[in-house]
Amino acid sequence: MTTLRSINARDLGGRSFRYFDFVMVAFVVILLLSNVIGAEKRSVINLPWIGLWPFGAGILFFPVSYVIDDVLTEVYGYARARRALWAGFGALIFMAVMEWTVVHLPVAEGWNGQAAYERVFGAGWRIILASITAFWVGDLLNSFVLAKMKIATGGKYLWTRTIGSTIVGEGADSLIFYPIAFYGLADWPVEQIGMVMLSQFVLKVSWEVLLTPVTYLVVNVLKRSEGIDVYDRGTDFSPFQL
C-alpha cells in the first residue's frame, strides 16, 4: 500500500504530476460543453407531492465541474486548481469569440440554418458573460473554502469539505449566473428566474451529495498514484496568480 506524504503546497515548486493534465482537461471540457449545450434550455419535471419543478438543462452536467474542482484542490492544492480555472477562463473567452464570429459570418445562398444558429448562439454573449463571472467567483470560492477546511480538519472528513465548499461556490454561481444571462428575455420572466435559481442551487448541492462516493474514490486513487497529500499552508490565495 502506498504511503502518502503530507506536504505544503508551497514546497511543491515546479513538481510535475502524472494525472493533473488529464483532470484539468476534463474540467475545461465539461465547463465548455455545459455552457454550449445545456445553459439556455429551461426544462420542467413533475415531482410527486411537489408538482412542476423547473430547472436549467445544464444542471445535469455542470455540477460535475465542481466535483472536478474539488478533486483538483484536494489532490493538487489550490494553486493548481486556480491554474485550471485560468485555463477554463481562456477557453470560455475563445468560445465566446468563436460563437460571435460564426453567427455573424455572411450566409451562403440557399443555406437555411442561420435562424437556428442565431437562436442557439446569438444570445451567447450574455450566457458567456454570466458564465465567466459566475464561474470565476463560484469556483474560486469553492476551492478557497475546501482548501481552508482541509487545513482546519487536518485532512479528515472529506465529505464536509466537498459539500460545504459546494454550498458556498454553487450558491454564488446561481445568484450571479441567472440574472446576468436571462434577465429581460421574453421567455424568462423574473419569477421564473427566481424559481430556477433556487432549484438549480438545490439540485447542484444534491448532485454533490450523491456524487460524494465517486469523489472519495477518485481522490483516493489520485492521491495514491501521486504519492502525496497536499495542504495549502502558506499558499498565496490571490486569484491573479498562475
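# Notebook: a walk through a predicted model

**Helix H2.** I started with H2, where 13 of the 14 residues are buried, so this helix is largely enclosed by the rest of the structure. A note to myself before going on: what I have open is a predicted model. H2 covers residues 63-76. I looked up its span from the first C-alpha to the last and got 20 Å, close to the 20 Å expected at 1.5 Å a residue. Right after H2 comes Gly77, and its phi is positive, about 95°.

**Val75 and what sits across from it.** I picked Val75 because it lies in H2 and is buried, with a relative accessible area of 1%. Which residue did I pair it with for a distance check? I took Ile228, which is 153 residues away in sequence, yet the two C-alphas are 8.1 Å apart in space. That took me to strand E4, since Ile228 belongs to it.

**Strand E4.** E4 runs over residues 228-231. Which way do its side chains point? Ile228 and Val230 go one way, while Asp229 and Tyr231 go the other. My textbook reminder fits here: in a regular strand the side chains alternate between the two faces of the sheet. I also checked whether the E4 residues are buried or exposed, and all are buried.

**Strand E1 and Asn8.** Next I asked which strand pairs with E4. It is E1, residues 5-8, and the two run in the parallel sense over 4 bridges. Asn8 lies in E1, and its bridge partner in E4 is Tyr231. Is Asn8 buried or exposed? At 17% relative accessibility it counts as buried, because the cut-off for buried is under 20%. The side chain of Asn8 also makes a polar contact with the side chain of Arg233, at 3.1 Å.

**Helix H6.** I moved on to H6, residues 158-182. It has 25 residues and reaches 35 Å from its first C-alpha to its last, close to the 36 Å expected at 1.5 Å a residue. Gly184 follows H6, and its phi is positive too, near 95°.

**Ser165, inside H6.** Ser165 is in H6 and is buried, with a relative accessible area of 0%. What does its side chain touch? I found a polar contact with the side chain of Asn142, at 3.1 Å. A polar atom of the Ser165 side chain also lies 3.2 Å from the backbone oxygen of Thr162.

**Tyr157, just before H6.** Tyr157 sits in the loop between H5 (124-153) and H6. Its phi is near 55°, a positive value in a residue other than glycine. I wrote that down next to my two glycines, Gly77 and Gly184. Tyr157 has 52% relative accessibility, so it counts as exposed, the cut-off being over 50%.

**A nonpolar patch on the surface.** Last stop: the outside. Phe94, Met98, Val102, Leu105, Val107, Trp111 and Tyr117 form a nonpolar patch there, with about 670 Å² of accessible area together. Where does the largest share of the patch come from? It comes from helix H3 (residues 78-104), with 3 residues. Phe94 lies in H3, and at 56% relative accessibility it counts as exposed. I set that beside Val75 in H2, which is buried at 1%.

Note on methods. Residues are numbered from 1 along each chain as its sequence is written. This is a predicted model: local features need pLDDT of at least 70, side-chain atom pairs count only at pLDDT 80 or more; totals for chains, interfaces and linings use all residues. Side-chain values use heavy atoms; hydrogens and water are left out. Buried means under 20% relative accessible area, exposed over 50%, partly exposed in between (1.4 Å probe, protein chains only). The expected span of a helix is 1.5 Å times one less than its number of residues. Patches are made of residues with over 30% relative accessible area and no salt bridge: like charges are joined within 9 Å, nonpolar side chains (Val, Leu, Ile, Met, Phe, Trp, Tyr) within 5 Å. Accessible areas come from the Shrake-Rupley method with a 1.4 Å probe; for residues, only the protein chains shown count as cover. A salt bridge is a side-chain nitrogen of Lys or Arg within 4 Å of a carboxyl oxygen of Asp or Glu. Two strands pair if DSSP finds at least two bridges between them. A polar contact is a pair of N or O atoms within 3.5 Å; within protein, one must be able to donate a hydrogen and the other to accept it, and residues adjacent in sequence count only if both atoms are side-chain atoms.
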